[in-house]
Every structure is written in C-alpha cells, then in structure tokens.
Amino acid sequence: MAVELNELRDQIDAVDKNILELLAQRLSLVQKVGEVKSTHGLPIYAPDREAAMLASRREEAAKMGVPPQLIEDILRRTMRESYASEKEAGFKCLNPELGTVVIVGGHGKLGRLFGKMFKLSGYHVEVLGSEDWTKADELLAKAGLVIVTVPIDLTVDVIEKLGNLPKNCILCDLTSIKAKPLQAMLDTHDGPVVGLHPMFGPDVPSLAKQVIVHCNGRGEADYQWLLKQFSIWGVSLCNMDAGEHDHGMTLIQALRHFTSFAYGLHLSQENPCLDKLLQLSSPIYRLELAMVGRLFGQDPNLYGDIILSSDENIQMIKRFHQRFGEAMQLLERKDKQAFVSSFNIVSDWFGEYSQQFMHESQNLLKQANDAIHRG
C-alpha cells in the first residue's frame, strides 16, 4: 500500500510542477498585457472580459468533470495576482500637461499609495507634510492637483490653509467624511473641487475592483480626466451626494467599528484564552474574531476620529444601544415566540439579499477554512 501511495503522490507532485510552470507562463503573458494596456490607456480591470472568461472556463470545466467552482476559485486567485503584476507596468498619463500633483499629508500610508499610483502614471508628485509648510507657497504655486489626506480632525483646518492655489488647480480630499471637507474646499478655493473617499485601506495589492466615492463640488468637466485616471487604475467609481455619503458611513464605518470595539472590549474583560477560542472556532467565528482583532492591530486615533466625527454617528450608536436593550428584554422574558417574530421581520426586510449574502458568505468561509492549519 505504501509503495502504491507513494507512486500516486509522485504523479501528483509532477502535475503540481506542471501547474506551476503554467502559472508562471500565465503571469508572464499578463505582464505583456499590462504593457499593452499601459500604452493604450486601458483599465487593468475589464469586468465584462473577466465575467465572460470565467463563464467559459466554468463551462469547459463541467465538460471535463472538474467542479466549475474549483476552476473559478483558482482563476480568481490568479487574477488577483495578475492585477498586482499589471500595476507595476505603469499606466497611461491622461493629463501630461498637468502641473505638480501635491499630496498634503503624503507621508501617511494612504498618501504614499496615491503618490505611487500617480508616479506610475507619469505625473510629477510632491509631498507637503506637517514639517514642510515653509515651502508650501513654492510647491502649491506649480500645483495642478492638490490632494488632502490628513487625519479627519485636521482636515478642515488644513484645507483652510490652501487659499492661494492656482485658479485651474483641482482641489480634492481623501477623507472618510465628505460634507464638511467639501464645503471647506468650496469656501477656500475658487477652482475645481471634488470630494473623494477611497473605500479601501493602503495595504491593498492593487486598486482593481476597489471603490472610490466621488462627491461633486465645482468644475466637474475639469476633473473628469482624474476620474478616468482612477478607472485606468482599475477603480470602480461611485458618484454620490456628500450628505448621503456621510449618512451611509454612520452604518458602514462608525457603527461597525464601534460594535467591533465594544466586542473586543468585552472579550478583553472576560479574558478567555484566545488559543482555546481558535481551537473551538468554526470558520465563521474565526473570521468574525479576525475582523474584530484586526481593528485592534491598527491606529486607535483613526478609528476614534471616524466614530466621533459627527453627532449623527453618536445618535446612530445610541439607537443601536436602545435596540440592543430591547432585544435583551426578549431574552430576559425567555420569549422565544417574540424572538422568532422579530427574526422573521428582519428576514423579510433583507428579502432576496439574504440568499445572496448566504452564497457570498459560504464562499468566504470556504476560503477562510482553506487557510486554517489544524496541527
């Protein structure tokens, strides 16, 4: 039996080496594709091409007796690496006559990411940090685009220092709240203004499929090239009113971060053994624990600023606290029927999204389980 098993394992190893060689060949071709896209100004992410290719491979896999989801998983992981590889080929510069791109706060992680992307696109980039204001007038006099990326509580004050920008210079910010910074930019600068919110962190390997929200300020025609430049980087754009954006962020950011903070605080005071929790964890709980723990591996000032950035956030969290208390009353009464009734009301509210989220979460959980090593 051992001999037979070893022979089969040797054959599997040989197939794996063939797969590695094919992956290397694919990545080499992707690099050439990136060069062509860079020359012609094509986005690195082409959703229609990706969808059609995946559908074709799934159909071919089914005919060969290979699970279609398997080939899709392999190709999606390969494409993620491919997008990162294509990025290094650089991008076409859509506005070569633009003056300097000045990133205010560009020494931060997000500022460095955007600085790198603009440099890869052929723009001249300068950074204006907190220690550089003595040369601010000189830098800003040549600016064609000024990007403000500083902590939330400093954003408006910094914007108000930018009153002498060239008339045709585009002024934008990368803050996670939009109404106040956008109004500050409109009050400070008479030229083109747009509010931006990258819905991703600075650690992404590629901007393919990442979302940037843009809130119109002034001179939309003057900054359309900028939005197209983002698209070439692979970004998906979402146009939204600043007030509507901020209202959505009370749920997407402030409430979510606060509940993670509160859960982490609760865990630390209960003081369980994390090793034991991980041993007992199902994939979904491990993923939940990872998302909570991830919060506490980052800058507390950032998350404090996000949560405390508006009274609307505080009021939203208060309403959540009230509803949490109402739900607790069901438990104290041991009222299972009321619990089921409330559950069904929420289920009806989610509607068809429940099944969509079930499908999406199952795929995530499979990937999370694959990454676990059980010793």
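Using ring pairing as a starting point, this predicted model has 16 aromatic pairs. Here rings of Phe, Tyr and Trp (its six-membered ring) pair if their centres lie within 6.5 Å; planes under 30 degrees apart are called stacked, over 60 edge-to-face, and the rest tilted. Two of the pairs are set out below.

| Pair | Type | Centre to centre | Angle between planes |
|---|---|---|---|
| Phe114 and Trp233 | edge-to-face | 6.3 Å | 65° |
| Trp349 and Phe350 | edge-to-face | 4.9 Å | 80° |

Take Phe114 and Trp233: this pair links distant parts of the chain, 119 residues apart. Phe114 belongs to helix H4 (residues 109-120), while Trp233 is in the loop between helix H8 (224-232) and strand S7 (236-239). Helices (H or I, at least four residues) and strands (E, at least two) are DSSP runs, numbered from the N terminus. Phe114 and Trp233 are both buried, where buried means under 20% relative accessible area, exposed over 50% and partly exposed in between (1.4 Å probe, protein chains only).

How exposed is Trp349? Trp349 has a relative accessible area of 67%, so it counts as exposed. Its partner Phe350 comes out as partly exposed, because its value is 33%.

Back to Phe114 and Trp233: they join Phe91, Phe118, Tyr123, Phe200, Trp225 and Phe230 in one aromatic cluster. Two members of that cluster, Tyr123 and Trp225, are touched by Asn95, leaving aside residues up to four places away in sequence. Contact means heavy atoms within 4.5 Å. Asn95 sits in the loop between helix H3 (68-87) and S1, and counts as buried because its relative accessibility is 18%.

Another ring has a charge for company: the charged end of Lys161 sits over the ring of Trp133, 5.1 Å from its centre. The rule is that NZ of Lys or CZ of Arg is within 6 Å of the ring centre and within 35 degrees of the ring normal.

Now for helix H6 (residues 152-159). Its buried residues are Ile152, Thr155, Val158 and Ile159. Looking down the axis of H6, these residues fall within an arc of 100°, so they line one face of the helix; the arc is that of the directions from the helix axis to the C-beta atoms. An α-helix has 3.6 residues a turn, so residues three or four places apart point the same way. The buried residues of H6 pack against strand S1 (100-104), strand S3 (143-148), helix H7 (179-188) and helix H12 (300-307).

S3 is mostly covered, with 6 of its 6 residues buried. S1 and S3 pair in the parallel sense over 5 bridges, and Val101 has Leu145 as its bridge partner in S3. S3 also runs parallel to strand S4 (residues 170-173), joined by 4 bridges, and here Leu145 has Ile170 as its partner in S4. Two strands pair if DSSP finds at least two bridges between them. S3, H6 and S4 make a right-handed β-α-β unit: with the strands pointing away from the viewer, the path from the first strand over the helix to the second runs clockwise.

Zooming out, the chain has 15 helices and 7 strands, and its C-alpha trace spans about 80 × 65 × 40 Å along its principal axes. Buried residues make up 36% of the 375 residues. Among contacts between residues at least 6 apart in sequence, 68% join residues at least 24 apart.

A word on the ground rules: residues are numbered from 1 along each chain as its sequence is written, and side-chain values use heavy atoms, with hydrogens and water left out. Local features need pLDDT of at least 70 and side-chain atom pairs count only at pLDDT 80 or more, whereas totals for chains, interfaces and linings use all residues.
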